[in-house]
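This report describes one protein chain, going from its overall dimensions to its helices and then to its charged side chains. The sequence and the structure are shown first.

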Amino acid sequence: MILLGVLLAAAVVVLVALPFLREPAAADDRLDAPTDADERRFALVDERDRALAALKELEFDHRTGKVDDADYRDLVAPLRQAAAAALRALDSPQE
């Protein structure tokens with residue numbers, strides 16, 4: 001009786017593990033090349049991320065006293081405009 005239980009348990013383990021042991025067979029595993037719209041979106045996302053990172057760093061430097069108030073006011077406006085432009089471009093409908 002114990003032998004039958006062990007054989008049944010082994011059969012169940014093999015049956016359950018079988019899909020994980022097989023090599024996947026993909027007809028074609030190549031990625032599609034990005035389109036021009038994808039490339040434009042990637043560039044906008046990169047531009048947005050760089051502008052937001054620069055804003056974050058400038059804010060940190062201002063709070064820690066590395067950048068004084070006058071320099072902060074001069075530097076923050078162009079960075080905010082660049083970030084806003086990138087965000088607007090990302091939100092606009094793609095052609």
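The expected span of a helix is 1.5 Å times one less than its number of residues. For helix 3, which has 23 residues, the expected span is 33 Å, and the distance from its first C-alpha to its last is close to that, at 32 Å. The model is predicted.

## Overall form

The protein chain has three helices and zero strands. Read from the N terminus, its elements run α-α-α.

The radius of gyration of the protein chain is 28 Å, whereas a compact globule of 95 residues would have one near 12 Å. The C-alpha trace spans about 85 × 40 × 20 Å along its principal axes. Of the 95 residues, 13% are buried. Among contacts between residues at least 6 apart in sequence, 58% join residues at least 24 apart. One pair gives a sense of distance across the chain: A27 and A77 are 50 residues apart in sequence, and their C-alpha atoms are 52 Å apart in space.

## Helix 1

Helix 1 covers residues 2–21. Its 20 residues reach 28 Å from first C-alpha to last, close to the expected 28 Å. The helix has a kink of about 25° at L15, shortly before the proline P19.

The number of buried residues among the 20 of helix 1 is zero, so this helix lies largely in the open.

## Helices 2 and 3

Helix 2 runs over residues 36–63. Its 28 residues should span 40 Å at 1.5 Å a residue, and the 41 Å between its end C-alpha atoms agrees with this. After helix 2 comes G65, with a positive phi near 90°.

Helix 3 comprises residues 69–91. A kink of about 25° is found in helix 3 at V76, shortly before the proline P78. A77 also belongs to helix 3; A77 has a relative accessible area of 35%, so it counts as partly exposed.

Which residues of these two helices are buried? In helix 2 they are L44, A51, L55, L58 and D61. In helix 3 they are Y72, V76, A83, A86, A89 and L90. V76 is therefore both a buried residue and the site of the kink in helix 3. The buried residues of helix 3 pack against helix 2, and helix 3 is included in what covers the buried residues of helix 2.

## Salt bridges

How many salt bridges does a search of the whole structure find? The search finds three.

One joins D46 and R50, with 3.2 Å from N to O. Both residues lie in helix 2, four residues apart, about one turn of the helix. An α-helix has 3.6 residues a turn, so residues three or four places apart point the same way. D46 is partly exposed, its relative accessible area being 39%.

Another links R63 to E59, where the closest N and O atoms are 2.9 Å apart. This pair too is in helix 2, four residues apart, about one turn of the helix. R63 is exposed, at a relative accessible area of 69%, whereas E59 is partly exposed, at 25%. R48 and D49 form a salt bridge as well, with 2.9 Å between the closest N and O atoms. Both are partly exposed: R48 has a relative accessible area of 23% and D49 has 38%.

## A buried acid without a partner

D61 lies in helix 2. Is this residue buried or exposed? D61 is buried, yet it has no salt bridge. The nearest side chain of opposite charge is that of K66, 4.4 Å away. A salt bridge requires a side-chain nitrogen of Lys or Arg within 4 Å of a carboxyl oxygen of Asp or Glu, and so the D61 and K66 pair, at 4.4 Å, is not counted as one.

Leaving out residues up to four places away in sequence, D61 touches K66 and V67. K66 is thus a contact of D61 without being a salt-bridge partner.

Key
Residues are numbered from 1 along each chain as its sequence is written. This is a predicted model: local features need pLDDT of at least 70, side-chain atom pairs count only at pLDDT 80 or more; totals for chains, interfaces and linings use all residues. Side-chain values use heavy atoms; hydrogens and water are left out. Buried means under 20% relative accessible area, exposed over 50%, partly exposed in between (1.4 Å probe, protein chains only). Lys and Arg count as positive and Asp and Glu as negative; His and the chain ends are not counted. Contact means heavy atoms within 4.5 Å. The bend at a residue is the angle between axes fitted to the seven residues ending there and the seven starting there. The radius of gyration is taken over C-alpha atoms; the globule rule is 2.2 Å times the number of residues to the power 0.38.
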